[in-house]
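Visitor: I have the sequence and the model open side by side. Please walk me through them, one question at a time.

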Amino acid sequence: MTMQQRTTIDPIDVLAIEYQCKKCKLRHAVAIESIVRPQITCPNCGAEWMKGRYVAHHAERTETAVVEFANALRSLQAIAMVDAELRIEIVLPVKS
Ligand SMILES: [Zn+2]
């Protein structure tokens, strides 16, 4: 049985989207407020992270989803909740 530990975070606590290159293992974090377009290629080795973006609909949706996710987070971070708190539930990494 796999144990999972969960917690919730405030949208304001989401600082960045992190990409990790499968080729060179570079971790590249982009601040939420700076995301206006997705990172298409690895800034270190040039690996194409979203292949066929002009051909395959899946890749186009991935690009759009990254930007829309960042836009949604920025909107959530700007919302002033009155009688409720909006929190995002996440699974914490399990240390073995
Ligand atoms: Zn790379």
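Visitor: Which residues does Ile-32 touch, not counting residues up to four places away in sequence?
Guide: Happy to start there, with a word on the ground rules: this is a predicted model, in which local features need pLDDT of at least 70 and side-chain atom pairs count only at pLDDT 80 or more, while totals for chains, interfaces and linings use all residues. Residues are numbered from 1 along each chain as its sequence is written. Two residues are in contact if their C-beta atoms, placed from the backbone, lie within 7 Å. By that test, and leaving out residues up to four places away in sequence, the partners of Ile-32 are Val-14, Leu-15, Ala-16, Ile-17, Ala-70, Leu-73 and Arg-74.

Visitor: How far apart in space are Ile-32 and Ala-70, C-alpha to C-alpha?
Guide: Ile-32 sits in the loop between S3 and helix H1 (57-78). Along the sequence, 38 residues separate Ile-32 from Ala-70. In space, their C-alpha to C-alpha distance is 5.7 Å.

Visitor: How does Ile-32 count in terms of exposure, given its C-beta neighbours?
Guide: A residue is buried if 20 or more other C-beta atoms, placed from the backbone, lie within 10 Å of its own, exposed if 12 or fewer, and partly exposed in between. Ile-32 has 19 such neighbours inside 10 Å, so Ile-32 counts as partly exposed.

Visitor: And Val-36: what is its C-alpha separation from Ala-70?
Guide: Val-36 also has its place in the loop between S3 and H1. Val-36 is exposed because 9 other C-beta atoms lie within 10 Å. Val-36 and Ala-70 are 34 residues apart along the chain, and their C-alpha atoms are separated by 8.2 Å.

Visitor: In what order do the elements of the protein run from the N terminus on?
Guide: Helices (H or I, at least four residues) and strands (E, at least two) are DSSP runs, numbered from the N terminus. The protein has 1 helix and 4 strands. From the N terminus on, the order is β-β-β-α-β.

Visitor: Which residue is the bridge partner of Tyr-19 in S3?
Guide: Strands pair if DSSP finds at least two bridges between them. Strand S2 (residues 16-20) and strand S3 (residues 27-31) run antiparallel, joined by 5 bridges. Within S3, Tyr-19 has as its bridge partner His-28.

Visitor: In the hairpin of S2 and S3, which residue takes a positive phi?
Guide: Most residues other than glycine have a negative phi. This hairpin has 6 residues between its strands. One residue in that loop is exposed, with 10 other C-beta atoms within 10 Å. Its phi is positive, near 70°, and the residue is Lys-25.

Visitor: Which residue in S4 stands opposite Thr-8?
Guide: Strand S1 (residues 5-9) pairs with S4 in the antiparallel sense, over 5 bridges. Strand S4 (residues 88-92) is hardly covered, with a count of 0 buried residues among its 5. Opposite Thr-8 in S4 stands Glu-89.

Visitor: By what distance are the C-alpha atoms of Ala-78 and Ile-12 separated?
Guide: Ala-78 belongs to helix H1. With 9 other C-beta atoms within 10 Å, Ala-78 is exposed. Ala-78 and Ile-12 are 66 residues apart along the chain, and their C-alpha atoms are separated by 8.3 Å.

Visitor: Which of the elements has the highest mean pLDDT?
Guide: pLDDT is the predictor's confidence in each residue, from 0 to 100. The protein averages 85, and 85% of the residues score at least 70. Among the elements, H1 has the lowest mean (82), while the highest, 95, belongs to S3.
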